[in-house]
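User: I am new to reading protein models and would like to learn how the labels are earned. Could you go through some with me?

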Amino acid sequence: MAASNFKDNDLRAAFDAGIIDASTYEHLTRFLAERRIASGRPAEQAPRFDFVNVLWYMGALIVLGAMSLFTTQAFSAWGPKALIATSVVYAIGFAVAGAYLWRWRGLRTPGGLLATCAVGMVPLFIYGIQAATGNDPSETQSYHDFYVWVRASWLPMEIGTVLAALVALAFFPFPFLVMPAAFALWFMSMDLTPWLLHSEEFTYEQRANVSVMFGFLVLAIAWLVDLRRWRGGDFAYWLHLFGLMAFWGGLTAQNSGSDIGKAIYCLINVGLVFLSLFLMRRAYAVFGAFGISLYLGYLAEDVFKDSFLFPFALSGIGLLVIGAGLVFHRYGDAVAAFLGRILPGTLQELRPVHARDQGL
C-alpha cells in the first residue's frame, strides 16, 4: 500500500497495538504530514464519507433540484424578469455564504457546495435573459438556419454554466464544482449535433456519432487534468464520468447490424477495462464490463434463441461478471502496481499522478 493511503488513525492503531514505538509513531506522523503538504493536499482535505458529508451533499443537490423546479413555476407565474431577479439574488447569496464558510470558518466542503449552488443559478439566469429577449429555447423546435438554431438551442446555458464553473474554481478549488460543468458538457454533446452536421435533419445514429466524438474529447481533457497533482482533490473525476457517459452511450446507441461491428464494440469495452488499470479509474471498468455483458447477452440470445437454456446462459454471464468484479477487487491494485513496474518510462509519464503513486 502506498504511504499516501495511510491515515493518522491507522498509525495510531499500530502504535496502540504495540507494532511501532512512540518514537517511530512520531516520526511517521510528521513525515506523512509533510508529504501531504508537499503534494498540495493538506491532511484536513482528505476526502471523507461520513454522515455529515452526506447531509451536506444531499442538501446541495436538494437546493439545485428545488431551483430547477422553481424555474417552471416562477416562469409560468411571474415571467422571465422574476426568474432573472431570483437567480441573481440566490447566486449572490450562495457565493457570499460559501466564501464565508470557505475562507473565514475553514469549512471547505459546505463552502464549496454553496459555491456549486451559485453556479447552478447561472443557467436559470441565462434562461431568463433568453426568454425576456424573445429567444426562449423551449418555443422553437426546428432548425432553419444558424440564427434560428442558436435561438432554438440550450447552448448559451451550457456554455455559461461551464464558464461560471471555471470562474468559481479559481476562487474555490473544490472538485465538486467540476460536476455542473461536466454535466453541461454532456448535454452540449447532444445539442451540438445540428451545428456540427450543418443539417436541419439528422439521424439517431448521427447524434450517437457526435456523442462518441464529444465524449472522447472530454475524456482526453480529463486525462490531461490527471497528469498533474492538483491542490484540493480529484478535479478529473466528473470529467471522466460524464465523458464516459457520452462516449459509451453514443457507442452503445449505434445499432451495428453486422457481427464484426458488434465484435468491435466488445473489443472497445475490453479496452476500457484495461484502460481502468492504466488510469486507475474504476468507472472505465464499470462501463466496459457492462458493455461486454451486453455483447455476451447478444451472443447468448443468438445461440439460445427461443430456448429454455437462454435464462441459464444469462445467469452464467451474470456470475462471470460478478466473478470478474471479485478478482479485480482483490487483485486490481496489485495488477496496477505490476503494470506500473513493467511499463516503459514514456508510458509511465502518460499515467495519472495517482496511478504512478499507486505503482510505487
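User: Are Asp226 and Arg281 buried or exposed?

Analyst: Happy to help! This is a predicted model, and in it Asp226 and Arg281 are both buried.

User: What makes Arg281 count as buried?

Analyst: Set the value against the cut-off. Arg281 has a relative accessible area of 8%, and buried means under 20%, so Arg281 is buried.

User: Why is Asp234 called partly exposed?

Analyst: The relative accessible area of Asp234 is 33%. Partly exposed covers the range between under 20% and over 50%, so the value of 33% puts Asp234 in that class.

User: How do you know that Asp226 and Arg281 form a salt bridge?

Analyst: Look at the side-chain distance from N to O, which is 2.9 Å for Asp226 and Arg281. The rule asks for a side-chain nitrogen of Lys or Arg within 4 Å of a carboxyl oxygen of Asp or Glu, so this pair qualifies. Asp226 sits in helix H11 and Arg281 in the loop between H13 and H14, so the bridge ties together parts 55 residues apart in sequence.

User: Which residue forms a salt bridge with Arg281 at 2.7 Å?

Analyst: That is Asp234, whose closest N and O atoms with Arg281 are 2.7 Å apart. Asp234 lies in the loop between H11 and helix H12, so here the parts tied together are 47 residues apart in sequence. By this rule the count is two salt bridges, and Asp226, Asp234 and Arg281 are linked in a network.

User: Why is H8 called roughly antiparallel to H9?

Analyst: The axes of H8 (residues 155–171) and H9 come within 8 Å and cross at roughly 155°. Angles over 145 count as roughly antiparallel, so the label fits H8 and H9. Their crossing is left-handed. Among the residues making the contact are Leu155 and Ile159 of H8 and Ala181 and Phe187 of H9. By class, this contact has twelve nonpolar, one polar and two charged residues.

User: What is notable about phi of Met280?

Analyst: Phi of Met280 is near 55°, a positive value in a residue other than glycine. Most residues other than glycine have a negative phi. Met280 is found in the loop between helix H13 (259–279) and helix H14 (282–303).

User: What makes Met280 partly exposed?

Analyst: Its relative accessibility is 22%. Buried would need a value under 20% and exposed one over 50%, so Met280 counts as partly exposed.

Note on methods
Residues numbered from 1 in each chain as written. Predicted model: local features only at pLDDT ≥ 70, side-chain atom pairs only at ≥ 80, totals over all residues. Heavy atoms only, no water. Helix = DSSP H or I, 4+ residues; strand = E, 2+ residues; numbered from the N terminus. Buried < 20%, exposed > 50% of the residue type's maximum accessible area, 1.4 Å probe, protein only. Axes fitted to C-alpha atoms, helices over the stretch in contact; angles between N-to-C directions. Parallel < 35°, antiparallel > 145°, perpendicular 65-115°, else oblique. Left-handed = near helix turned anticlockwise from the far one by under 90°. Contact = heavy atoms within 4.5 Å. Nonpolar A, V, L, I, M, F, W, Y, C, P; charged D, E, K, R; others polar.
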